[in-house]
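The following exercises are to be worked with the sequence and the three-dimensional model at hand. Each task is followed by a solution in steps.

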Amino acid sequence: REAGRRTYIPVMSGENKLSWQVKDLIPNCEYYFRVKAVNKIGGGDYLELRNPIIAEDPKQPPDPPVDLEVHNPTSKSVTLTWKPPLFDGGSKIMGYIIEKLAKGKERWERCNDYLVPLLTYPVKGLEEGKEYQFRVRAENAAGISEPSRITPFVKAVDPIDAPKVFLAANLQSGLEVKRGDEIILEAHISGSPYPSITWLRNDEVVRPEDIKKRVTLPKKKGESVLSIRDSIRADHGTFTIKVENDHGVAKASCEVNVLDTPGPPVNFVFEDIRKNSVICKWEPPLDDGGSEILNYVLEKKDNTKAEMGWVTVSSTLRHCKFHVTKLIEGKEYLFRVFAENRVGAGPPCVSKPMTAKDPFSPPDPPNKPDVEDVTSNSMLVKWNEPKDNGSPIIGYWIEKREINSTHWARVNRNLVNALEVKVEGLLEGLTYIFRVCAENAAGPGKFSPPSDPKTAQDPIIVPGPPSCPEVKDKTKSSVALAWKPPQKDGGSPIKGYIVEMQDEGSTDWKKVNEGDKLFPTCECVIPNLKELRKYRFRVKAVNAAGESEPSPATSEIPIQDILEEPEIFLDLGAQDLLSCRAGTTIKIPAVIKGRPVPKTFWEYEGKAKTTSKVEATDARSEIIIPECNRSHSGRYSITAKNKAGQKTVHVRVNVLDVPGPPKDLKVSDITRGSCKLSWKMPDDDGGDRIRGYVIEKRTIDGKAWTKVNANCGSTSFVVPDLVSGQEYFFRVRAENRFGVGPPAETIQRTTARDPIHPPDPPIKLRIGLVTKNTVSLTWKPPKNDGGAPVTHYNVE
């Protein structure tokens with residue numbers, strides 16, 4: 001029973017044992033127990049505990065701690081770590097006892113005066129250079145455990161550790177601050193012995209006195225912080241922390257950018273100063289303020305008026321150059337330019353005063369012009385190039401004046417880039433003078449002195465020589481010559497030409513015609529020459545001023561007939577193949593050449609065509625076939641023949657007509673509602689592809705033909721919709737693109753009816769009633785009656 005209750009609860013009954021394990025007790029609860037013996041007669045008195053028993057596990061000292069390890073040994077101390085015992089002995093671990101054993105001694109010494117509640121303990125007070133072993137015991141309410149596994153010997157000396165330094169994570173990619181903000185650089189340091197620390201900026205040591213005492217360097221072991229208050233642009237650069245001990249040196253760097261407005265642009269200069277414009281040019285600031293230059297602002301000021309303020313020329317300049325226009329000539333200007341970044345605009349760079357004027361003057365006047373090549377309506381004016389006075393000459397202006405007038409008129413609308421100009425549109429008989437002025441970027445200069453007077457009239461001189469004569473034809477007693485007129489007529493129309501000849505073996509030139517019998521054109525025929533003699537010829541042109549120089553002479557020309565083999569040229573439309581419609585007229589023209597004149601004749605398929613008409617001259621022959629038909633198709637030949645040879649040319653003629661009638665028209669597969677027509681293609685397709693066939697039918701009593709199919713593409717067709725018992729005629733005509741040809745007709749009439757033949761046998765013959773002298777038969781009619789009703793059956 002529980003101590004707070006009076007009623008006992010049976011735990012075991014009827015077992016012949018002297019002990020029993022009671023289960024299912026409530027932990028930390030107090031219980032009373034009693035037991036009595038029982039025999040056949042009954043139960044005896046109970047034996048009861050005087051004092052209650054608490055239900056709790058038995059307590060014992062814990063197991064020893066595990067995984068004892070030594071860390072961070074120095075010359076004075078080490079740090080121990082361990083894990084709790086695997087079994088706490090049934091009672092909570094109250095703490096741990098740490099013991100040490102110096103090498104060479106036998107007695108363990110306790111390191112801690114009080115129980116250590118944690119799983120780590122720094123052991124201090126070690127003697128430098130000595131070696132130690134360590135162990136740990138756990139303690140609970142039941143007692144102290146056995147010691148843990150003993151550590152190996154550990155020597156009390158400071159560790160050898162090269163220095164290390166790491167900047168804070170936010171500094172890995174650099175630091176950017178605005179002017180006036182505080183620069184804070186934090187570094188984490190390690191090393192043994194603890195290293196010395198030095199901060200540098202651009203490889204120079206940072207000292208508070210060097211930066212006007214704005215620098216603080218708070219010290220704390222394991223880290224170092226560099227702080228610069230009220231940062232200025234000059235504070236930007238590469239900051240480096242350097243840590244050093246006996247075992248090495250370590251560094252870490254950070255790029256610090258202090259953002260500020262950019263400095264002033266530099267080297268402001270002017271280029272190409274003109275009276276109304278100037279090109280301003282400068283270089284970027286030496287310091288961009290730590291940010292990309294976004295644009296420049298250019299301003300100008302009228303320096304002749306103190307009260308005038310600055311005027312913005314442009315505030316969006318991306319480059320260091322700008323062409324300023326609309327300046328006033330003669331005024332003095334000041335310019336200034338600002339650079340802008342994302343922080344703002346910096347101080348300006350101010351230019352020196354600049355006066356708007358051209359650096360050059362108009363050109364000098366040209367010399368006195370020369371006038372040449374005078375005609376009745378034009379003159380050529382020439383001059384020399386004058387001094388340009390610092391600017392290249394861009395062209396010239398030319399003026400003219402009649403000698404009796406006081407008004408100068410400009411000749412050219414646009415500047416002339418050459419040193420001469422042809423002045424046209426002059427009035428014949430008037431006298432003119434000319435003057436010229438040059439123009440450069442500063443404007444036009446002064447005019448030249450006027451030229452000498454010249455009267456507009458054509459000069460008359462003898463013409464130039466004609467071209468060398470060419471032989472166009474010759475016979476055994478004559479020669480035909482042709483030449484080209486002279487390039488210059490001397491200012492007077494060519495009246496005619498004189499031809500001269502030189503006989504073989506002679507050096508004298510004889511005139512073929514005298515001056516009063518000029519050849520009016522550029523060709524002539526010279527007769528009465530001696531056969532097989534050789535001659536040379538030349539020509540002179542004659543105008544009102546006289547005879548020209550002779551043309552170049554021909555080579556020696558032998559006088560004899562020219563033999564040329566015949567040549568035949570057919571009309572382009574009749575070469576190779578000539579196609580025409582039936583009923584039209586065929587004309588095949590041919591041009592004949594040859595010396596002497598060839599004789600010509602025509603043939604058709606190698607024979608003379610008697611029905612054709614031939615019209616011929618010495619240079620032309622044409623065969624004409626009126627109202628042609630298909631029989632005129634074939635090859636036509638023309639032959640030309642003379643002493644020099646023979647030439648034959650062929651042309652094929654295709655007369656196009658409607659096709660002929662189809663062949664072998666037959667009727668088959670006749671039924672009472674249809675029949676099949678079949679035929680063969682015509683012998684003559686009319687010279688063109690057959691497009692299809694026209695099929696027609698007619699009853700024996702009818703006179704009109706009815707179309708069954710107007711465009712049948714094959715050579716057979718099943719005619720539908722026939723009237724049973726009706727008699728028909730059929731015809732078929734072929735069609736090409738020129739029309740429908742004559743028909744092929746059926747001679748015999750065709751009756752629309754099914755063909756008759758013997759029927760199929762009856763089916764399903766069965767035996768019915770049978771008597772001693774009769775039998776009853778039944779059957780069904782045949783599937784096919786042969787085209788006619790079954791009239792009776794024969795029984796065998």
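**Exercise 1. A sheet with mixed pairing**

Which residue in β17 is the bridge partner of Leu200? Place the two strands concerned in their sheet.

Solution. The model is a predicted one.
Step 1. The bridge partner of Leu200 in β17 is Val205.
Step 2. β17 pairs with strand β16, which spans residues 196-201. Two bridges connect them, and the sense is antiparallel.
Step 3. Both strands belong to an open sheet of five strands, ordered β14-β22-β21-β16-β17, in which the pairing is mixed.
Step 4. At the edges stand β14 and β17 (204-205), each of which pairs on one side only.

**Exercise 2. Nonpolar cores**

Identify the residues with the most contacts inside the largest nonpolar core, and state which elements contribute to this core.

Solution.
Step 1. The largest nonpolar core comprises 23 residues, and Leu185 and Ile241 have the most contacts inside it.
Step 2. Two or more residues each come from β13 (161-167), β14 (175-178), β15 (183-192), β20 (223-228), β21 (237-245) and β22 (248-259).
Step 3. The greatest contribution is that of β22, with five residues.
Step 4. Beyond its neighbours within four places in sequence, Ile241 contacts a set of residues that includes Val165, Leu167, Ala187, Ile189, Trp199, Ala250 and Ala252. Polar residues are also in contact with Ile241, including Thr198, Ser224 and Lys251.
Step 5. A separate core of 20 residues lies apart from this one; among its members are Leu578, Ile586, Ile623 and Ala640.
As general background, nonpolar side chains in soluble globular proteins tend to be buried together.

**Exercise 3. A three-stranded sheet**

Which strands stand at the edges of the sheet β39-β40-β43, and how are its strands paired?

Solution.
Step 1. The sheet is open, and its three strands pair in the antiparallel manner.
Step 2. β39 (470-474) and β43 (523-526) are the edge strands; each has a single partner strand, so one side of each lacks a neighbour in the sheet.
Step 3. On average, neighbouring strands here are turned by 25 degrees against each other, direction ignored.
Step 4. β39 is joined to β40 (residues 479-482) by four bridges. One of the residue pairs is Glu470 with Ala482 in β40.

**Exercise 4. Cysteines**

How many disulfides does the structure hold? Examine Cys320 and Cys712 individually.

Solution.
Step 1. The structure contains zero disulfides.
Step 2. For Cys320, the nearest cysteine sulfur is that of Cys349, 11 Å away. A disulfide requires sulfur atoms within 2.5 Å, and Cys320 is in none.
Step 3. For Cys712, the nearest cysteine sulfur belongs to Cys675, at 13 Å, and Cys712 is likewise in no disulfide.
Step 4. Cys712 has a relative accessible area of 4% and is therefore buried.

**Exercise 5. Gln646 and the annotated spans**

Describe the surroundings of Gln646, then compile what is given for two of the spans annotated in UniProt.

Solution.
Step 1. Gln646 lies in strand β54, residues 645-656.
Step 2. Residues up to four places away in sequence being set aside, Gln646 touches Pro566, Thr639, Ala640 and Lys641.
Step 3. From Gln646 to Leu427 the separation is 219 residues in sequence and 65 Å in space, C-alpha to C-alpha.
Step 4. An unreviewed UniProt entry carries the annotation "domain: Fibronectin type-III" for several spans, including 1-58 and 365-458.
Step 5. In residues 1-58, the end C-alpha atoms lie 21 Å apart, with 0% helix and 14% strand.
Step 6. In residues 365-458, the end C-alpha atoms lie 31 Å apart, with 0% helix and 39% strand.

Definitions and conventions. Residues are numbered from 1 along each chain as its sequence is written. This is a predicted model: local features need pLDDT of at least 70, side-chain atom pairs count only at pLDDT 80 or more; totals for chains, interfaces and linings use all residues. Side-chain values use heavy atoms; hydrogens and water are left out. Contact means heavy atoms within 4.5 Å. Buried means under 20% relative accessible area, exposed over 50%, partly exposed in between (1.4 Å probe, protein chains only). Two strands pair if DSSP finds at least two bridges between them. Axes are lines fitted to C-alpha atoms, for helices over the stretch in contact, and angles run from 0 to 180 degrees between N-to-C directions. UniProt positions are given in the numbering used here, feature names are shortened, and annotations may be inferred rather than shown by experiment. A nonpolar core is a set of buried Ala, Val, Leu, Ile, Met, Phe, Trp, Tyr and Cys residues joined through side-chain atoms within 4.5 Å.
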